Amino acid sequence: MGEPVRSDRAGELRASDAGREVRLAGWVASRRDLGGVVFLVLRDASGEAQVVVDPQAVPAAGEVAKDLRDEYCITVSGTVRPRPDGTVNPGMATGEIEVAAADVRVLSPSDPLPFQIDDRADVDEVRRLQWRYLDLRRPRMKANLIARSRAVSAMRRSMEGQGFLEVETPTLIRSTPEGARDMLVPSRLRAGSFYALPQSPQLFKQLLMIGGVERYYQIARCYRDEDFRSDRQLEFAQLDLEGAFWGRDDVLATLESVMVEVARELRGVELSTPFPRLTYREAMARYGTDKPDVRLGMEICDLGGAFAGTGFKAFAGVLDAGGVVRGINAGPLGMGRSGLDALGDLAKGAGAKGLAWLVVEDDGSLRSPIAKFLGDDEAAAVKEAMGAGPGDTLLLVADTPEIAAPALDRVRRHLGEPDDPDELAFLWVIDFPVFEKAPDGSLAPAHHPFTSPHDVDEMGSDPEHALSHAYDLVLNGSELGSGSVRIHDPEVQRRVFEILGISDEEAESRFGWFLEALRYGTPPHAGFAVGIDRLVSILQGEPNIREVIPFPKTQTGADPLTKAPTPVAADQLAELGLEAAGEDADGVAGGDGAAGEGGGASAG
RNA sequence: GGGGGCGUGGUGAAGUCUGGAGUUCACGCCGGCCUGUCAAGCCGGAGGUCGCGGGUUCAAAUCCCGUCGUCCCCGCCA
């Protein structure tokens, strides 16, 4: 077996190889048996090449070829030759040549396939995941795997070129019950205690800054035990980075250079930098969201001025109560009553009491259920404020800012469509508030407690308006990642905990090890993390991140291929000092996979 | 926790609203023919618990209830 299985890669053969003896290996992509001659398309990772088997000339090869089926793994020895006149296939990279087979051998036969390898049919995703190894042979997944590899490679190239050190951090870490639910791992050596899988390497990368690394990056696997979305899995990958003696603009510039590199690699485009920056406040005012898709147009207008002193009681009441009237010019929708009602339902789903619509008629008058309540001046002011012309549909929400903004965002995203689907609209959202205001008016921390506030005094005295040095990177309406300038002063860190309602004692018991670290000459530092799955899925035009993950899980956290998760044997649990709760308490791995209610495990 | 879509031979779809024999289309599979095909072509064939359970009905893929799976969304994701 000293002889190599193959001499050449199928997809790389060209006319200049004519006359060469080659040995190929790969899979049977198709077989066209014309009786007197058999054409095979042999596919390997490099591409495809046509093989011709002539049973008259080579009877043994003819016998083998007759029994080949799709996806048999084979080797073919033969001679590369130009195709006869009129049979060149210009749609194929190797279409000028074919390999005249002298010998065909089956390395490994294939059962009939559960679905076809070509892209003809949109196979049910569970089917694809159940036979993911076959799905990976299909063009779509193959292209996505390659794209992901190239994206990560571009990131590494960019980081290395800028002097960053790649450092790995642990994936079995201390649980910090903040933010998302932790994925827990029981400890056998300390029964009853648990590790957590990292939601991010946050504190470790800060320790690396204290450790003098100065420029750190990592392709980090992160875990968050929250419900799935099209852009969320239990585990995901981030480009995580941090720099010492850095401020915000160093971070943004570095990330921009990484994005330029990745976009060049995957899209062959040159992004223009710097990316636009919006403050959080601007983003909310103009788009009603902290991750605006600026490709959609239809910016939100504030109509408080136009309706000041209005006689329309619904609006006047909202304005008097400190609320807002805002709207978007949806352009020439040409929508009937039912369509407009559906938009209204969308707005109501976001908490709005309703969505008022006004259509500008050709003569400039307004057709609307509320038209009769509006004076001529008001109508003119509204049209003026929204830049409305004949045919335009104007959609208005009157409510508190916390409700009006997201409601209009939903309507806007529902209606909007980018002019150019290939456009990449990167932008930064900066100056996030320290606290986010929920629709019910309550305040909740918007970021992790190691984020530096603009002013810690203000954070205490005016929490509603206090800003932090936190920023997000947004691409086409998706949050790609976020970062911040970190607190490096232990006293500031202590006060931030205090304001967040974490007592000195609690902070000491949970983060004492980190607070101590801050006391040993911590450099100012800042950093960021980019969601790799999201970035690659958007650049690849994929609708969800599962398409760029080789072995993803379904929405209920199941892997249709391996059937994970499963119950485990009682003795396996006993060793960990655990007792399973739920119906499958004494189930074993490989059972029917029905997870017990609660599914949890308690320390025993 | 909540809202919505989907589930029909191996695959994809139509049929479901308006109940009437597992009907149809494409691909695949099996067999045969075929010496220049290109997701070959032609002829023949096999293949089904219409996700599962219950109900209504003379009769259910179709209507009703429940349940499972999956996808999208809200909540959640500091």
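Where RNA strand B comes within 4 Å of the protein in this predicted model, 49% of the strand's atoms at that range belong to sugar or phosphate, and the rest belong to bases. On the protein side, 49 residues surround RNA strand B, and those that come nearest are Thr87, Glu98, Gln116, Pro445 and His447. Sorted by class, this surface near the strand holds 20 charged, 16 polar and 13 nonpolar residues.

A few individual contacts help to bring the picture to life. The side chain of Arg32 places an N or O atom 2.7 Å from a base oxygen of RNA strand B. For Gln50, a side-chain N or O atom likewise lies 2.7 Å from a base oxygen of the strand. Ser30 meets the backbone instead, with a polar side-chain atom 3.4 Å from a phosphate oxygen of RNA strand B. Turning to secondary structure, the elements that contribute two or more residues to the surface near the strand are β1 (21-33) and α2 (125-130).

What about empty space inside the protein? Rolling a probe the size of a water molecule over the atoms shows where such space is left. Here the count comes to one cavity of 30 Å³ or more, and the largest cavity holds about 90 Å³ of space. Its lining is made up of Val434, Pro445, His447, His448, Pro449, Thr451, Pro453, Met459, Ser468, Val496 and Leu500. Seven of these lining residues are nonpolar and four are polar, while none is charged. Two names may look familiar: Pro445 and His447 line the largest cavity and are also among the residues that come nearest to RNA strand B.

Key. Residues numbered from 1 in each chain as written. Chains lettered and ligands numbered in written order. Predicted model: local features only at pLDDT ≥ 70, side-chain atom pairs only at ≥ 80, totals over all residues. Heavy atoms only, no water. Near = heavy atom within 4 Å. Polar contact = N/O pair within 3.5 Å; in protein donor to acceptor, adjacent residues only side chain to side chain. Helix = DSSP H or I, 4+ residues; strand = E, 2+ residues; numbered from the N terminus. Nonpolar A, V, L, I, M, F, W, Y, C, P; charged D, E, K, R; others polar. 1 Å grid on protein atoms, 1.4 Å probe; cavity = no way out; pocket = protein on both sides within 12 Å on 5 of 7 lines; lining within 4 Å. Points joined across faces, edges and corners; volume = space filled by probe spheres on them.
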